[in-house]
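Me: I'd enjoy a close look at one helix pair and its surroundings in this model. Could you take me through how the packing is built?

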Amino acid sequence: MSAAPAWTARLGQLGVWARVSDVDVPFAREAERLGYGTVWLGGSPAADLTSAEEVLDGTESVVVATGIVNIWRDEAAELADAYHRIVARHPGRLVLGIGSGHREATPHRTKPLQAMADYLDVLDERGVPLEDRVLSALGPRMLALAAERSGGTHPYLTVPSQTAEAREALGPDKLVAPEQTVVLDADVDAARRAARAFLRRYLQLTNYSGNMLRAGFSEADVAGEGSDELIDRIVVHGEATDLVRAVRAHLDAGADHVCVQVQPGEDAPRALAEIAAAFAA
């Protein structure tokens with residue numbers, strides 16, 4: 001179990017993950033009203049952080065985190081300048097999630113571990129504190145870098161056993177904040193169709209398929225559109241109580257905070273309300 005209650009106090013146990021293009025002030029206000037502690041802006045938000053700034057300006061207390069700024073696309077100096085601009089008005093309410101993206105999307109992506117270390121060097125030079133930045137770390141070497149040079153990790157498309165591994169690698173005081181994709185649908189066949197439509201492109205990306213293999217899935221599980229077992233464990237589906245059970249499995253494995261991503265996206269308003277109610281029950 002985590003021994004870092006300060007992270008949970010800051011971010012809440014439960015957060016929302018949505019693509020930055022789908023997050024506006026009304027969305028964030030509703031998440032805040034429902035009791036979600038943090039809104040994660042997914043889909044590689046720009047380093048100028050204008051999207052985060054708009055949400056922070058339009059809400060009262062919710063934390064905004066990036067999930068994630070891509071180090072191959074955005075300059076560290078620009079990110080640092082934007083960070084200082086925003087935290088001057090919203091202290092404690094901004095967390096920079098940083099990651100190295102996908103080899104398939106960025107062919108020039110070489111030596112990601114060194115590239116991340118160089119990126120963090122610039123953030124150090126420009127005064128971005130460790131506790132306000134976390135790495136999207138999947139493999140053991142990036143987890144080690146996260147432990148040494150950031151506040152923790154924000155992994156994506158992982159299972160609770162990997163949350164436990166991240167906690168062991170990072171120690172008791174660092175943030176472990178996994179994303180959990182969910183489909184609110186008790187119809188197994190319909191839910192699996194929605195899950196596969198979402199997961200299809202990720203299974204073509206070696207960093208995610210490789211991480212699923214590290215989690216114990218087989219080559220057959222990650223082939224094609226994914227086995228039923230892989231789909232059911234990576235994209236949890238069912239009633240709200242089933243989805244909350246998946247969130248609590250990460251918390252029990254050592255997570256400080258879990259952010260839920262609802263698929264398909266148009267179901268988010270209803271699903272987030274039902275998840276929040278079930279989590280609070």
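Reply: Happy to. Contact here means heavy atoms within 4.5 Å. Please keep in mind that this is a predicted model.

By that contact rule, and not counting residues up to four places away in sequence, Leu123 touches Ala76, Leu79, Ala80, Ile98, Val128 and Arg133. Several of these partners bring us to the helix pair: Ala76, Ala77, Leu79 and Ala80 in α4 meet Tyr119, Val122 and Leu123 in α5. Sorted by class, this contact of α4 with α5 consists of seven nonpolar residues, with no polar and no charged ones.

Now for the geometry. Helix α4 spans residues 76-87 and helix α5 spans residues 112-125, and they pack at an angle of about 40 degrees with their axes 9 Å apart. Angles under 35 degrees would count as roughly parallel, and 65 to 115 as roughly perpendicular; α4 and α5 are therefore oblique to each other. The crossing of α4 past α5 is right-handed.

Stepping back to the wider interior, the largest nonpolar core has 63 residues, and those touching the most other members are Tyr36, Leu79, Leu94, Ile98 and Leu123. Helix α4 is the top contributor to this core, giving seven residues. There is also a second, separate core of 32 residues, whose members include Leu175, Leu199, Leu205 and Cys259.

So the two threads meet in Leu79 and Leu123: both take part in the contact between α4 and α5, and both are listed among the core residues that touch the most other members.

Notes: Residues are numbered from 1 along each chain as its sequence is written. This is a predicted model: local features need pLDDT of at least 70, side-chain atom pairs count only at pLDDT 80 or more; totals for chains, interfaces and linings use all residues. Side-chain values use heavy atoms; hydrogens and water are left out. Axes are lines fitted to C-alpha atoms, for helices over the stretch in contact, and angles run from 0 to 180 degrees between N-to-C directions. Helices (H or I, at least four residues) and strands (E, at least two) are DSSP runs, numbered from the N terminus. Angles under 35 degrees count as roughly parallel, over 145 as roughly antiparallel, 65 to 115 as roughly perpendicular and the rest as oblique. A crossing is left-handed if the near helix is turned anticlockwise from the far one by less than a right angle, and right-handed if clockwise. Ala, Val, Leu, Ile, Met, Phe, Trp, Tyr, Cys and Pro count as nonpolar, Asp, Glu, Lys and Arg as charged, and the others, Gly among them, as polar. A nonpolar core is a set of buried Ala, Val, Leu, Ile, Met, Phe, Trp, Tyr and Cys residues joined through side-chain atoms within 4.5 Å. Buried means under 20% relative accessible area, exposed over 50%, partly exposed in between (1.4 Å probe, protein chains only).
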